[in-house]
Amino acid sequence: MIISVENRIKEVSKVIEDNSSAAAESATIFNELSAQAKTLNHLIGQFRIQ
């Protein structure tokens, strides 16, 4: 019984670790996309409609 609980705790810890890694990766991707959006916005702002 105790071993089963320990195994479940290890499984939960692994899921939490995986989620944390995924969240960090998502934050990195968000920052990259945000920078690209700012660059694109700047480039589009250089066009003038006549």
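Trainee: How many helices and strands does the secondary structure of the chain come to?
Mentor: The model is a predicted one. Helix 1 covers residues 2-45, and Gln46 lies in the segment after this helix. The secondary structure comes to one helix and zero strands.

Trainee: What radius of gyration does the chain have, set against a compact globule of 50 residues?
Mentor: The C-alpha trace spans about 75 × 15 × 5 Å along its principal axes. A compact globule of 50 residues would have a radius of gyration near 10 Å. For the chain, the value is 22 Å.

Trainee: What percentage of the 50 residues count as buried?
Mentor: A residue counts as buried when its relative accessible area is under 20%. Asp18, at 37%, is partly exposed, and Asn41, at 57%, is exposed. Over the 50 residues of the chain, the buried share is 0%.

Trainee: What share of the accessible surface belongs to carbon and sulfur atoms?
Mentor: The accessible surface of the chain comes to about 4,900 Å². One nonpolar patch on the surface, of about 350 Å², is made by Met1, Val5 and Ile9. Of these residues, Ile9 lies in helix 1. For the chain, the share of carbon and sulfur atoms is 62%.

Trainee: How far apart do the centres of the positive and negative side chains lie?
Mentor: The chain has 5 positive side chains and 6 negative ones. Each set has a centre, and the distance between the two centres is 10 Å.

Trainee: Which residue meets Glu11 in a salt bridge?
Mentor: Glu11 is partly exposed, because its relative accessibility is 42%. Its partner is three residues apart from it in helix 1, so the two are separated by about one helical turn. The N to O distance of the salt bridge is 3.1 Å, and the partner is Arg8.

Trainee: How far apart are the closest N and O atoms in the salt bridge of Lys14 with Asp18?
Mentor: Lys14 and Asp18 are four residues apart in helix 1, so about one helical turn separates them. Lys14 is partly exposed at 45% relative accessible area, and Asp18 is partly exposed at 37%. A salt bridge needs nitrogen and oxygen within 4 Å. The closest N and O atoms of Lys14 and Asp18 are apart by 2.8 Å.

Trainee: How many salt bridges does the count come to?
Mentor: One joins the side chains of Glu11 and Arg8. Another is formed by Lys14 with Asp18. The count comes to two.

Trainee: How far apart in space are Gln46 and Lys14?
Mentor: Gln46 lies in the segment after helix 1 and is exposed, because its relative accessible area is 51%. In sequence, Gln46 and Lys14 are 32 residues apart. In space, C-alpha to C-alpha, they are apart by 49 Å.

Trainee: What distance separates the C-alpha atoms of Asn41 and Arg8?
Mentor: Asn41 is found in helix 1, and with a relative accessible area of 57% it is exposed. Asn41 and Arg8 are 33 residues apart along the chain. Their C-alpha atoms are separated by 48 Å.

How values were computed:
Residues numbered from 1 in each chain as written. Predicted model: local features only at pLDDT ≥ 70, side-chain atom pairs only at ≥ 80, totals over all residues. Heavy atoms only, no water. Rg over C-alpha atoms; globule rule 2.2 N^0.38 Å. Buried < 20%, exposed > 50% of the residue type's maximum accessible area, 1.4 Å probe, protein only. Areas by Shrake-Rupley, 256 points an atom, 1.4 Å probe, with all protein chains shown as cover. Lys, Arg positive; Asp, Glu negative; His and termini not counted. Charge placed at Lys NZ, Arg CZ, Asp CG, Glu CD. Patch = residues over 30% accessible without salt bridge, like charges linked within 9 Å, V, L, I, M, F, W, Y side chains within 5 Å.
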